[in-house]
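Q: I have a model open and want to learn how to read its features. Where do we begin?

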Amino acid sequence: MLILLPLWMLAVAAQTTDDGSKIYFENELPLFKSKAPQAAVPQMAPPKSQNPPKSQNPPKPQNPPMQQMIPPPPSMQQMMPPMQQMKPPMQQMFPSMPPMQNNRNTGNRQYINKGLREMSINLDYLIRQASSDDNTLFSPIPIANAMGLLLLGAKGKTAQEISGLFGNNPEFDVSRRPDLLHQELGSLIDDLILQPGVSNGSEVTVGAAVFPNKWYGIKSSYIDRAQSIYHSDVVPLDYIYRGAEAKTTINKWAANATNNRIKTILTRVPEPSTSIVLVSAIYFNCAWESPFPASNTKVRPFYTGKLNKNGKEEFVNVPMMLHSSKALYYEDKTRQLQMLGLPYKGDEIIMYIVLPEGDLRQTIGQLRESDYKAMIDSCENRTSIYMVPKMKLEASINLESLLPELGVTSLFDPTTSGLDDIAPRAYVNEIIHKVEIEVSEFGTTASAVTGVSVNRGGFTPVVRVDKPFLFFIHHVKTDSFLFWGTVTKPTPNTSPKG
């Protein structure tokens, strides 16, 4: 079974507005209900005083006074008007936006997927350069979802920089037509969602949530578009009076969205100056098309590619799963690498493992987006013998230091950020990405496993994943990467005695 659970959190700071923009405050903001899994939002008692406490140094109230701008908080029932009143018809909200199409195989979608694959390769390189960890792990889809939510409220230089993450193609200039990006990215996320069932044994859910500070303004147009295009939940919270409760609410949403696998995305109470917290999550739980026989799993050495103090190749002991079954296989003798594709039930999602003969970093440093695409297209369905580590990996990455390397800089600076269409003077001060991956023998249909005889044949490919490798999860229908990682030391592992 493979379970991957990444989560994104972006904390956005701002000051109150005095420009007269149409904004929502907590008492006006409806609580939308969307496709994303939701955690129960605790009932918040009204603050004792409508003036923020002096000890927390809140922003000075603008004219008119805060007491006039923010009436006492209503009950949760008052915050939830009938569903038909929550959002106007799409034509009224976006008169210039083309309607969503059912045909997903558009040329624009291809450009977006290409941009996301390139972003995956670039992020992997930056993470490996900045981190001393043995493994890298992230998910491009929550990244794209979160950046899409930011792009909804971006303009000027900030919009151009975020658009660049999705590729630069003269035939699909995202900076000139961001509506096309939102249309295609929104439909891509819709296409990723798989509900569990007997036929496919797979579950994929993608969700997003916007948690605005009820004391600051958030523009109604942004709320409408975030909910309509990205199905985002909108939950107003009190970061000034009840920061601890806000933290609990956000973490509960994260736990619910990831089926209780990631229970904490916020480890500290948000600052009172926080204007918006954006969260994007994906939950993935799929069964192998051909599960590994549990009786074949044995502890075996995994060679890390490093030398120990005695000059011998370092290794750790890890549980290795062994199987013989139909799998996708490709061998590149020029680059000296093997590629193994292991499908999940329904053949809609495939885990690819790239295993170089030599140094992992050197090999993947030479591969471009088009090379991965070509290798996928060159795979053949063959009976193969393969050995893969049973492992559980986790990663928590602060990407605010990495995105500037990809050209995204202005949104982190309050003097240059162009996020005013989200909230006045908004800027990003923190980006967190959390991922967990677990690979085991069976998946959700363990009882269906039967014993398999493993034989070596002269023409049968043998893939021993007992040294550093790259893996990525490919969604066939959308031609997109759901997850990406490199492994030089699987966990759990034990050191050899002596």
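What follows is a dialogue on reading this predicted model.

Q: How much space lies in the largest pocket?
A: The general idea comes first. Rolling a probe the size of a water molecule over the atoms shows where empty space is left. In this model, about 330 Å³ of space lies in the largest pocket. Its lining has 20 residues. The closest to the pocket centre are Thr304, Asp359, Leu360, Pro468 and Thr488.

Q: Which elements each supply at least two residues of that lining?
A: Strand E9 (298-307) and helix H11 (360-365) do. E9 gives the largest share, 3 residues.

Q: How do the residues of the lining divide into nonpolar, polar and charged?
A: The lining of the largest pocket has 9 charged, 8 polar and 3 nonpolar residues.

Q: Which domains does the lining draw at least three residues from?
A: Domain 1 (107-286 + 393-438) is one, and domain 2 (294-388 + 444-487) is the other; each gives at least three residues to the lining of the largest pocket.

Q: Now a helix. Why is helix H9 described as largely enclosed by the rest of the structure?
A: Start with the pattern. An α-helix has 3.6 residues a turn, so residues three or four places apart point the same way. Then count burial. H9 covers residues 220-230, and 9 of its 11 residues are buried, so the rest of the structure largely encloses this helix. The buried residues are Ser220, Tyr222, Ile223, Asp224, Ala226, Gln227, Ser228, Ile229 and Tyr230.

Q: What residue follows H9, and what is its phi?
A: His231 follows H9, and its phi is positive, near 55°.

Q: Which other residues should I check for positive phi?
A: Look for positive values in residues other than glycine. Arg425 has phi near 60°. Arg425 lies in the loop between E14 and strand E15 (427-439), and is partly exposed at 34% relative accessible area. Asp479 has phi near 55°. Asp479 sits in the loop between strand E17 (469-475) and E18.

Q: Is Asp479 buried or exposed?
A: Apply the cut-off: buried means under 20% relative accessible area. Asp479 has 19% relative accessibility, so Asp479 counts as buried.

Q: How do I read pairs that are far apart along the chain?
A: Compare separation in sequence with distance in space. Lys114 and Asp479 are 365 residues apart along the chain, and their C-alpha atoms are 9.1 Å apart. Lys114 belongs to helix H5 (residues 107-130). Lys114 is partly exposed, with a relative accessible area of 34%.

Another pair is Leu393 and Thr136. They are 257 residues apart in sequence, with C-alpha atoms 9.0 Å apart. Leu393 is in strand E14 (residues 391-398). The relative accessible area of Leu393 is 3%, which is buried.

Q: What does the side chain of Asp238 make a polar contact with?
A: Locate the residue, check burial, then list its partners. Asp238 is in the loop between strand E7 (233-234) and helix H10 (243-257). Asp238 counts as buried, at 0% relative accessibility. Its side chain makes a polar contact with the side chain of Trp215, at 2.7 Å. A polar atom of the Asp238 side chain also lies 2.8 Å from the backbone nitrogen of Tyr241.

Q: Where is Thr297 found?
A: Take the same steps. Thr297 is in the loop between strand E8 (274-286) and E9. Its relative accessible area is 19%, so Thr297 is buried. The side chain of Thr297 makes a polar contact with the side chain of Glu441, at 2.8 Å.

Q: How many disulfides does a search of the whole structure find?
A: The search finds 0. Next, check the burial of individual cysteines. Cys286 is buried, with a relative accessible area of 0%. Cys379 is buried too, with a relative accessible area of 15%.

Q: Last, the backbone. Is the peptide bond from Thr491 to Pro492 cis or trans?
A: Read omega. For the bond from Thr491 to Pro492, omega is near 0°, and the bond is cis. Pro492 lies in the segment after strand E18 (480-487).

How values were computed
Residues are numbered from 1 along each chain as its sequence is written. This is a predicted model: local features need pLDDT of at least 70, side-chain atom pairs count only at pLDDT 80 or more; totals for chains, interfaces and linings use all residues. Side-chain values use heavy atoms; hydrogens and water are left out. On a 1 Å grid over the protein atoms alone, a cavity is a set of points where a 1.4 Å probe fits but cannot get out, and a pocket is an open set with protein on both sides within 12 Å along at least five of seven lines; lining residues have an atom within 4 Å of a point. Grid points are joined across faces, edges and corners, and a volume is the space filled by probe spheres set on the points. Helices (H or I, at least four residues) and strands (E, at least two) are DSSP runs, numbered from the N terminus. Ala, Val, Leu, Ile, Met, Phe, Trp, Tyr, Cys and Pro count as nonpolar, Asp, Glu, Lys and Arg as charged, and the others, Gly among them, as polar. Domain bounds come from an automatic or database domain assignment. Buried means under 20% relative accessible area, exposed over 50%, partly exposed in between (1.4 Å probe, protein chains only). A disulfide is a pair of cysteine sulfur atoms within 2.5 Å. A polar contact is a pair of N or O atoms within 3.5 Å; within protein, one must be able to donate a hydrogen and the other to accept it, and residues adjacent in sequence count only if both atoms are side-chain atoms.
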